[in-house]
Each structure stands twice: as structure tokens, then as C-alpha cells.
Amino acid sequence: MRRSLYTSGALWIAASAFAQVPKAADGHPDLSGIWQALGTANWDLEDHQPEPGPFYQLGAIGGVPPSRGVVEGGDIPYKPEALAQRKQNRANRWKSDPEIKCYMPGIPRATYLPYPFQIVQGTNVVLMAYSFASANRVIEMGKPKAPSVDTWMGTANGRWDGDTLVVDNSGFNGLSWLDRSGNYHSDALHVVERYTRVDRDHIRYEATIEDPKVFSRPWKISLALYRDVESNATLPEFKCVEMTEELLYRDLNGLKAK
Amino acid sequence: MRIRASAAIALGLLSLSLSALLSAQVRAAKAPEIKAPDASWKVPRTPWGHPDLQGVWTSDDLQGVPVERPKESGTRRFLTEQEMKDRDGYVGRIIQSAETGERPKEGFWASQKGVDAAAVPANWVEFARRASALTSLVSDPPDGRIPPLTEEAQQRSANQPSYTNMRPQSYKDMTWYDRCVSRGVTAGFFPSIYGNGSEFVQTPDTVAIRYEMIHETRLIPLAAPGEADRPRNSSKMRSYMGEPRGHWEGDTLVVETKNFIGGRLAITFAPYSEDLTLVERFRRTGPQTLEYSVTVNDPGTYTAPWTATFPLTSEPGYQIFEYACHEGNYAMRNRLSAARAEEAREAAAGK
């Protein structure tokens, strides 16, 4: 009795929270807004301990913070032969991570970078614009389109499953990583994302990641996205290219370049 | 100015991504004339009643239209019958080159003297599908000429990084376009050699414009009905794409943008100052056309404001491809390493 009261109370709370979710003109939940993941999934999708960074001068701001992972079941199911690559990536994480070079982050990583992104839910497409690297993508909501060419951000087709936006992503070039700890994928990556706006200020984000070249089975991540609730919220332009050029081109500087 | 733009693009071509190549090839085709809308045409509307600008637009048809009007055309906004015939012939020849893959002997290609590597076949780049009747992109002042630069702006442009610098000491000697940082607001609409597409996505309170070249997105907050534009952030938050605010005036979307980073990107030859204000107007004029106009007000750069006005078109099958400019920027390493190799060669020769 007590338990069922509790359950119905929880359901009632959930229902009233969902009632606050704005609706688009077509009656679907409106996901438009500026969103950001908290936590440290971008450091490592799996559970991880703190670790010093490579530059002692940076002290406490230059290391890896600890966090719970976001992988359902805890571990990413790598194929045994694919683990060596992750090990190598991890050993070179401070050098080889494409994020260091300001390369487009790919999907799902774009979602849990430590920077905001904005969803603009149009009538035929959903635009996602990311602060980092000015990366963006357009999710086709009409007739699904096949990838024309492999890209960093992939080709995205969306549909509604009840109140959840489901986005099917493929056509990746296989050059991006999944986090800063060397978790990776190949060009066979297939990601199915689910965006559920559970109340005004939160989206439950889930992504099922499939890549038969790297993983033994599909696996899932789940994390919350938080809305920027400030009335003057804007998506900051983060042109990170300028932060990478000394790193990428310094070896080719002439004698006169200071 | 056209020559400068073309040459910068020629260098940019060295870093052309595969996707850009594919996009040009997919699109090579003649297109039917755009007819004026008939009497029954009405501005399409979103479910919430705003004019619907959504979809992909391109300025490809403006290829071959000079930014500034040739002096002999005076205050004439449109071509004469003979001039139109000439441009039509030019457009036809370029389309033919795209189909055959043969290198044209005029326009951009003729301007690439002694740089065989840059003079790519016509089907590597975008081109007009039909000839525009405009004499220039600039519509005001009435002579279609950009007002003279201020003295300060002349100095600024003399000191800017140049794509013609064949001995760059570092990436800092390259333009912000060569570096794949940004091309700014207007460059997304002014026709260039490829990547002239822009995609509009709307909600009741936001218009997003996603540029094909360098994959930049503008997110324009709209004023609530009957209210003023939303207040801006402070000028400490400057950016390449600036801070836009939009509102509807009848069926016209009006966007005012400020808080630009000054002294780097240029709309014409001279980099603009941080006092730049752009006022853009977007208006549907037919089933396949969106009229674009931009007024450039920058007293630190131009001695008077000026305006460019031209139509964008929607083309069936036009796709925006991911332009991974920085990710595939081999031109940076190639140009820098070429400069170092030249220096080493000269040093060995005892120069």
C-alpha cells in the first residue's frame, strides 16, 4: 500500500514535470534551447580515478578529475583485438586526442564535451550547433537520406518515438575519438541517439553505439543534459583553431618568427 | 577585389576537401530560368505565422557579377540587352566547361597566371546556373561603388596578412580564411568559388543560419512580438560572427549584428574595425528566391555606409556538405614547408 502510494506519487510528479515541457507547433516536445552535459564523460566514458596531467605547472587544473562513468554495465565491450589500439591511444592521450587539434568532435562526443550546444528545432530539420570548433549538424526529419560521403559529424536522420527524438547516425570517417582517454571507433560506427526532454530544464540523453570492427556488441551510454536557464543565454563562439596553430605548425616557423 | 578573392580561393583549393569536390560534381547541370512568382504566390509561412525562410539557399548565380559596378555603367542597376547576352554566353561556356571538364580560358581561370596547380578544371568549382542581370552586388550608393576607405583603414589593410605572401614566416602571416578560422558574416552570402550554400532553420524565437564554408552557424535571437531586440552582451564578448539580434518588419527579417572582432576579417579589401554594424534584410520574393541585403556601417573603415543587395536561390538537389576546412588544411603545412625549403635552397646557394 505504502509502496503503491509512493509509486503513484512519483508518477504524478513525473507527469507534472513533463507537463512543463514546451511543445513545438506540431505537438512534439520542443527541444530548442542551449544544453550542456555536466560530469566528466569527456575525460573517460568509463568509471575513472583522478590522475595528474602531463604539465606539472598546471597543478590542480591540469589533471584528470574522477567520475562515475556513463556506460551502461560499466565497461565498453571492446573486441579483444581492438583493446591494443585503445591502450596505445590512452598512452598518447595528451598528444593524439583529436580534440587537442580542434577537430570536429563527431557523435556522440559532441554532446558531452564540456561546452554548450544549441538545439534549433525547425519544422523539417533539427539543427544542432556546438560551441566547440563551430561544429554543427542538421538532422533530417523527413525522408531519410543516405550518407553521401564519410564525414566527421556523420549523416543524421531523425524521427519521433513518442516524446523522444531518435537520431540515427552513420557515414562517419572514423577519425574522431569518444573521449580524452583513448576510447575510439572506426568508420563502421553507427550511433542511435535518444533525446527525451523529461522536464523544462533536463534532457535524458542516451546513445547506443555499434561498431562491429571495434566492439563485440552494441553498448549504451546515458547521461543528463542541463539547460542554460539564464535569460541572456547565448552559445559562445569558440574558435579553437587559433589555440592549435602553434602546436600544429610551429615546426615550420621561419627564423624570423618569434 | 575580385582578383584578390579569386587568388585567395585558388590557394584555398590546395586544401580542398574531397566533399567539396564531390559537391561540385554532383551539382553540375544547366538550370531553367527562375520565373517571377505569379499573382497567386504568397509568402510561405511557418505554423506560427512567420514568413518561412527555411531550407538551403545559394548565391551561385551571382558568380560573374562584380561586387562593385564598372564605372561606365553609372547608376544603371541592370545589364543592357547586349551586356546580358554577353554574360549569358559566359555563363553558358562555364557550364559547358563543367560538363566537359575542360579548363575555361576566361574569368577566374584566366586570372591564375603561371599557377597551373591552381587553375583547376571548371567542374571542381561552383558556377552560375543562369546569368544574373545585375551590374553589381553593391546597390547603394547609386553608382554601385564602395565609398573610399578612411586613412586608418588604408593603413590597416597595408598591414594585414596576405595570401600572396609566398614566404610566410608562420601561420600568423596567413589570412584567417587560409587558417580556416572564419570568413565572417557576409562572406557566406557573397558568391565565392565554392561553398556558397546557407541553410536557414527557424523557431518562433530564433533564426539559425548555417554557412557551408568553414561550417559556421549564426544563432539569431528574435525579439518577442511588440518588444525591442533582446539586450546584447557586453563588448568584451567579441566574436568573428558578431552578436546578432533579429526581428520581423512585416515579412522582412531584419538582423542587426555588432560586437565583431576588428582588424582581422574583411568584407572588401580592408579589414573592418570593431565598430562595424551590419544590418541585413531577408525577404522571400518568390517560390525559389530569397532577397538578401546588407548595409555595412563602419565609420572606422568606410567614409560612408554602403549596401549590397542580391537574390539567393534554392536549387533542387543542392546539398550542404561538411566542409572540414581546418581538419584537412594541408595548404598550411605545404605553404610553410615550401617557404622553408626555398630559404634552405637559397642559403645553400650562398644568397
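The following exercises, each with a worked solution, concern a predicted model with chains A and B.

**Exercise 1. Determine how many helices and strands chain A has, and in what order they run.**

Solution. The count comes to five helices and nine strands in chain A. Read from the N terminus, the elements of chain A follow the order α-β-α-α-α-β-β-β-β-β-β-β-β-α.

**Exercise 2. Compare the radius of gyration of chain A with that of a compact globule of 258 residues.**

Solution. Begin with the expected value: for 258 residues, a compact globule would have a radius of gyration near 18 Å. Next, take the value for chain A, which is 20 Å. The two figures agree. As a further description of extent, the C-alpha atoms of chain A occupy a box of roughly 75 × 40 × 40 Å along the principal axes.

**Exercise 3. State what share of each chain is buried, and what share of the contacts with a separation of 6 or more joins residues 24 or more positions apart.**

Solution. Consider chain A: of its 258 residues, 38% are buried. Among the contacts of chain A with a separation of 6 or more, 59% are between residues 24 or more positions apart. Turn then to chain B, whose secondary structure consists of six helices and ten strands. Chain B has 351 residues, and 42% of them count as buried. For chain B, the corresponding share of contacts between residues 24 or more positions apart is 68%.

**Exercise 4. Describe the contact between chains A and B: how many residues does each chain give, and which elements of chain A take part?**

Solution. Chain A contributes 37 residues and chain B contributes 42 residues. On the side of chain A that touches chain B, at least two residues each come from strand S2 (117–121), strand S3 (125–130), strand S4 (136–140) and helix H5 (245–249). By character, the residues on this side of chain A comprise 18 nonpolar, 14 polar and five charged.

**Exercise 5. Locate Asp211(A) and decide whether Asp211(A) is buried or exposed.**

Solution. First, the position: Asp211(A) belongs to the loop that links strand S8 (202–210) and strand S9 (219–227) of chain A. Second, the surroundings: 22 other C-beta atoms lie within 10 Å of Asp211(A). The cut-off for a buried residue is 20 or more such atoms, and therefore Asp211(A) is buried. Third, the partners: apart from neighbours within four places in sequence, Asp211(A) contacts His185(A), Ser186(A), Ala188(A), Leu189(A) and His190(A). For one of these pairs, Asp211(A) and Ala188(A), the C-alpha atoms are 5.4 Å apart, although the residues are separated by 23 residues along the chain.

Conventions
Residues are numbered from 1 along each chain as its sequence is written. Chains are lettered from A and ligands numbered from 1 in the order in which they are written. This is a predicted model: local features need pLDDT of at least 70, side-chain atom pairs count only at pLDDT 80 or more; totals for chains, interfaces and linings use all residues. Two residues are in contact if their C-beta atoms, placed from the backbone, lie within 7 Å. Helices (H or I, at least four residues) and strands (E, at least two) are DSSP runs, numbered from the N terminus. Ala, Val, Leu, Ile, Met, Phe, Trp, Tyr, Cys and Pro count as nonpolar, Asp, Glu, Lys and Arg as charged, and the others, Gly among them, as polar. A residue is buried if 20 or more other C-beta atoms lie within 10 Å of its own, exposed if 12 or fewer, and partly exposed in between; C-beta atoms are placed from the backbone. The radius of gyration is taken over C-alpha atoms; the globule rule is 2.2 Å times the number of residues to the power 0.38.
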